[in-house]
Amino acid sequence: MHGSRVSNGMSDSEETQLEARLAEQEAFEPPAEFVEQANVSDPSIYEEFEVEWPDCWERAADLLEWETDYDEVLVDDDEPFYEWFVGGELNASHNCLDRHLDSRGDELAIRWEGELGDTREFTYEELHREVNEFAAALRELGVEEDDVVTMYMPMIPELPVAMLACARIGAPHSVVFAGFSADALATRMNAADSEFLVTCDGYYRRGDALDHLSKADDGLDGVDHGTTTVVVDRLGDDHDHDHDLGDDQLDYDDLVADHAGAEVEPVTRDAEDMLFLMYTSGTTGKPKGVKHTTGGYLSYVSWTSHAVLDVKPDDTYWCAADIGWITGHSYIVYGPLALGTTTVMYEGTPDYPDKDRLWDIVESYGVNQLYTAPTAIRAFMKWGAEYPDRHDLSSLRLLGTVGEPINPKAWKWYYKHIGDESCPVVDTWWQTETGGMMITTLPGIGEMKPGAAGPPLPGVDAAVVDGDGEAVSPGEAGYLVVDRPWPGMLRTLYRNDERFVEEYWEAYSDPDADEWVYFPEDGAKIDEDGYITILGRVDDVINVSGHRLGTMEIESAVVDVEGVAEAAAVGGDHEMKGEAVYAYVILEDGYEESEEMRDRVVEGVEEAIGPIARPEEVVFTPELPKTRSGKIMRRLLEDIANGDELGNTSTLRNPDIVEDIETKVAGD
Ligand code: PRX
């Protein structure tokens, strides 16, 4: 049994030897037992996808049920506005539910666990029923095809129900992470003209009932048009918050009960019709509304769930992300349900009531695949192997990571202590914009190199280039680019085609030569075998615990605090979070540096964005280092945050300030 390795007879010195061997090992073959049963294990797939491209993507589309077959796999008449599976018609909710009913109606679609240990299960039949009932309710509330419905919900089953209900009636959803602030909710509802909101009264964190509805209500106060809100009762009587619903607020349970037994015919959607919007952070202050489509996105997440996560219908699969981010959309909801498997959802934190919570869930549910973020793995590592060692984790067949670079040490810890050296670990690089995974080893084929995500997936053409777009030599740092479109790609930024072209295509494309290159704004390097190591963002985006935050958004929140004149936010290395926010703040005359001012800055950021953006350090300074043209030198501020040696400061207008700030940060 995999849960009690040390007591299984391995002595301390054998254990130490094993650690030493792992520390040196740079490449790992996929375990033979895994390869034997893998969905994809024939290396010729890489070649086949090249030869067949773009028709290779029919294999992804074939994982779905289409009402009308598509005429063309890819239409590229108006680059970079690509269209996939053109002429095809389908419905995502039908693909995730109805088509499984005959074969898997009694099998579990969702296994949910609340933080307090309460559980709920939905068979495909039950999920189908509730989605139909809620879809009928949404319709009655006036939701029409193409209306954007916003969801501001934590990890409760009603969230995927609401998403699938929207998909059923052709209403795109826009899910706002529950940890985001009221302001963030209002901004997103306004940007999408969204008149409908689904939210809940609250949820549990570390055993406490958190009030969520007050935050939602505050957000609604900032929405500039009329709204209708549906409120899920998660907490029951277990809270002291006053939750009387407003006139335009309806109770979810009442609505579903009123539509008991309702059946809603899935609306026929064109492949290119919008399935959902997801707002994400970019270089400028305003979040970007990434638009994903029904045919291309659903095909792509199904294909990558099949090929990379090795999902099979009989599996119990767990992606321990939050549905409020793209990872949860693609790999908790759409990918696994489209393949008819059992997807696990957990409401709470990994250390409640104890640090073995995840391993307890893996053991008791018999989880086969676990997909999580490096930040979580670093925490597990810090807590120690004794926690996973308490449990039998032998049901695990595959491990995955996503969201930020994983250092080899954490990779190996995961491989050894969670996977017992018998599960492949896939380090998957992708983004909100890519819809699904782009760069990773295929677990049934590729050798794994800890620290490197791997080669691009079959059919994906990614490269690492210099500033002129020329390929860099192996080992050299450069910029990651994607040279060909793929079905899961964003189609545009909602209502902003111009910004879409500017943000992602202008840097490396040559429109005159009809060459279109997607720039994800990540730095990377590539080795002789074509394995890509991601070095992190090259734009003003900070990656805190795998969550993407824009420095401009943070800066504008800080500047909004009374008494703040100017601010710069940068990411500094952080042992657990990957990166943490450092805020450098200049106060207005008449305001003094104080604990109170510091708290106000922190609160200001929490209120504007949410606790995830909370600055790790607030550094008050009389000036910020600026170039002669007045641009803040963020690079220097990052070096200071990291305690790194500073680069050249001679081009600064005010070189002396750098030393002052450095001394201050070092002294804190
Ligand atoms: O910098 C890359 C990092 O996360 C960014 C995308 O963030 P987001 O859109 O929030 O999506 C996160 C989940 C898909 C990327 O530009 N990133 C994502 N995966 C990896 C990664 N960095 C290194 N290795 C990865 N596996």
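Start at the ligand: the shell of residues around it divides into six nonpolar, six polar and five charged. Keep in mind throughout that this is a predicted model.

**Stop 1: the ligand shell**

Select the 17 residues around the ligand, then pick out those that come nearest: Asp-427, Thr-428, Thr-432, Asp-522 and Arg-548. Now colour by secondary structure. Helix H13 (326–338), strand E20 (425–428) and strand E24 (532–537) each supply at least two residues of this shell.

**Stop 2: polar atoms at the ligand**

Show Arg-548 as sticks. An N or O atom in the Arg-548 side chain is 2.7 Å from an oxygen atom of the ligand. Next, show Gln-431, where a polar side-chain atom lies 3.0 Å from a ligand oxygen atom. For Glu-404, display the backbone: one of its backbone N or O atoms lies 3.3 Å from a nitrogen atom of the ligand. Then switch on the protein surface. On its own the ligand has 540 Å² of accessible area, and the protein covers 97% of this.

**Stop 3: the four-stranded sheet**

Strand E24, already met as a supplier of shell residues, leads to the next selection. It belongs to an open sheet of four strands with antiparallel pairing, in the order E21-E22-E23-E24. The edge strands are E21 (462–465) and E24, each of which pairs on one side only. Looking across this sheet, neighbouring strands are turned against each other by 45 degrees on average, direction ignored.

Zoom in on strand E22 (residues 478–482) and strand E23 (residues 522–526), which run antiparallel and are joined by two bridges. Select Tyr-479 and look across to E23: its bridge partner there is Gly-523.

**Stop 4: the seven-stranded sheet**

Move to residues with lower numbers. An open sheet of seven strands with mixed pairing has the order E12-E11-E8-E6-E7-E14-E15. Its edge strands, E12 (249–251) and E15 (288–293), each pair on one side only. The average turn between neighbouring strands here is 25 degrees, direction ignored.

Within this sheet, select strand E7 (residues 173–175) with strand E14 (residues 274–280); they pair in the parallel sense over two bridges. Ser-174 has Leu-277 in E14 as its bridge partner.

**Stop 5: helices on that sheet**

Add helix H9 (residues 182–191), which packs on the sheet and touches E6, E8 and E14. The direction of H9 makes about 170 degrees with that of E6. Last, select helix H8 (residues 158–169). H8 lies across strands E6 (149–152), E7, E8 (196–200), E11 (228–232) and E14, and runs at about 170 degrees to E6.

Key. Residues are numbered from 1 along each chain as its sequence is written. This is a predicted model: local features need pLDDT of at least 70, side-chain atom pairs count only at pLDDT 80 or more; totals for chains, interfaces and linings use all residues. Side-chain values use heavy atoms; hydrogens and water are left out. Two strands pair if DSSP finds at least two bridges between them. Axes are lines fitted to C-alpha atoms, for helices over the stretch in contact, and angles run from 0 to 180 degrees between N-to-C directions. Contact means heavy atoms within 4.5 Å. A residue is near a molecule or strand if one of its heavy atoms lies within 4 Å of it. A polar contact is a pair of N or O atoms within 3.5 Å; within protein, one must be able to donate a hydrogen and the other to accept it, and residues adjacent in sequence count only if both atoms are side-chain atoms. Accessible areas come from the Shrake-Rupley method with a 1.4 Å probe; for residues, only the protein chains shown count as cover. Ala, Val, Leu, Ile, Met, Phe, Trp, Tyr, Cys and Pro count as nonpolar, Asp, Glu, Lys and Arg as charged, and the others, Gly among them, as polar.
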